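Please open the model in your viewer and keep the sequence panel beside it, since this tour moves from the whole chain to a few chosen residues. At each stop you will be told what to select and what to look for.

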Amino acid sequence: MGDDTRWGDGQAGYTAFAGPRCIASGGLEDVALKAKAWVDGGETVPVVIYEDATGYSVHPDLRGSREDVLRGLAERRARTATAGEEPRRSGPGRPKLGVVSREVSLLPRHWEWLNAQPSGASAALRRLVEEAQRNDKGRERARRSQEAASTFMHAVAGDLPGLEEASRAFYAKNPERFAQLIEQWPDDIRNHVHRLVSVALRDEAEATRSPTERG
């Protein structure tokens, strides 16, 4: 398998399995073409491609030539990008960029603390909001990577021994017990699950670190 793929850094990772065997890992185009070669080679074991960031399967159209497959992926990406764009506003009412002034209601002790900050109340409030946004982003990333590992496990290991116990150990953050429970799973499945779980544990640790520890 390829190196551990970290999401959130602009590089989406995908992994293709034919039964318990991993046949490709990397970017979607590369994985889709390798899956196509597997299918075109007459292999009877179905191929399923999983998105590492979510654990869910994706289903690119592998029919036709390599160029057809790549064209279909490009069109799919274009549709996704278009759907994600916010509608542009024009004419009267278009919001201006920059600072927005609004009324804020706080208790007297809150105003005392803010007014005592060297940078002033407004700067202190902005700093607090930005810190809260960073914390929320870290927690959301941890939640998504945890769900990705769990989703993939239940998708590929539903008939494997120890799945439910392993899932409980995973959510209990007991990596030693978890490793024991999946030791007998097929090598490729076990290795990929370990990769996803290691990312989930890393993101969880990062989300719970204090701002000082993050540097």
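A residue is called buried when its relative accessible area is under 20%, exposed when that area is over 50%, and partly exposed in between. With that cut-off in mind, and remembering that this is a predicted model, begin with the chain as a whole: of its 215 residues, 28% count as buried.

**The whole chain**

Colour the chain by secondary structure, and you should be able to find eight helices and four strands. If you follow the sequence from its beginning, these elements come in the pattern β-β-α-β-β-α-α-α-α-α-α-α. Now switch on the surface, whose accessible area comes to about 14400 Å², with 50% of it belonging to carbon and sulfur atoms. For the contacts inside the chain, consider those between residues at least 6 apart in sequence: 55% of them join residues at least 24 apart.

**The largest nonpolar core**

Next, select F152, M153, F170, F178, W185 and V193, which belong to the largest nonpolar core, a group of 21 residues, and which touch the most other members of that core. Which helices each supply at least two residues of this core? They are α4 (121-156), α5 (163-171), α6 (175-181) and α7 (187-208), and the largest share, five residues, comes from α7.

Keep F152 selected and show its surroundings, where, leaving aside residues up to four places away in sequence, F152 touches F17, Y50, G55, I189, H192, V193 and L196. Apart from this core lies another one, of 15 residues, and you can locate it by selecting A18, V31, A35 and L73, which are among its members.

**A18, in a strand**

From that second group, centre the view on A18, which is placed in strand β1 (residues 14-18). Because its relative accessibility is 5%, A18 counts as buried. Display its contacts, again without residues up to four places away in sequence, and you will find that A18 touches I23, W38, V45, P46 and V47. You can also draw a distance between the C-alpha atoms of A18 and V39, which are 21 residues apart along the chain and are separated by 9.8 Å.

**D52, a charged residue inside**

Now select D52, in the loop between β3 (47-51) and β4 (57-58). Is D52 buried or exposed? It is buried, because its relative accessible area is 4%. Although buried, D52 has no salt bridge, and the nearest side chain of opposite charge, that of R195, is 8.3 Å away.

Look instead for polar contacts: the side chain of D52 is joined to that of T15 by one of 3.0 Å, and to that of H192 by one of 3.3 Å. H192 should be familiar from the earlier stop, as it is one of the residues that F152 touches. Before moving on, compare positions along the chain and in space, for D52 and S25 are 27 residues apart along the chain, while their C-alpha atoms are separated by 9.5 Å.

**K173, in a loop**

For the last stop, select K173, which is found in the loop between α5 and α6. With a relative accessible area of 45%, K173 is partly exposed. If your viewer reports backbone angles, check phi of K173, which is near 60°, a positive value in a residue other than glycine.

Technical notes:
Residues numbered from 1 in each chain as written. Predicted model: local features only at pLDDT ≥ 70, side-chain atom pairs only at ≥ 80, totals over all residues. Heavy atoms only, no water. Core = buried A, V, L, I, M, F, W, Y, C linked by side-chain atoms within 4.5 Å. Buried < 20%, exposed > 50% of the residue type's maximum accessible area, 1.4 Å probe, protein only. Contact = heavy atoms within 4.5 Å. Lys, Arg positive; Asp, Glu negative; His and termini not counted. Salt bridge = Lys/Arg side-chain N within 4 Å of Asp/Glu carboxyl O. Polar contact = N/O pair within 3.5 Å; in protein donor to acceptor, adjacent residues only side chain to side chain. Areas by Shrake-Rupley, 256 points an atom, 1.4 Å probe, with all protein chains shown as cover.
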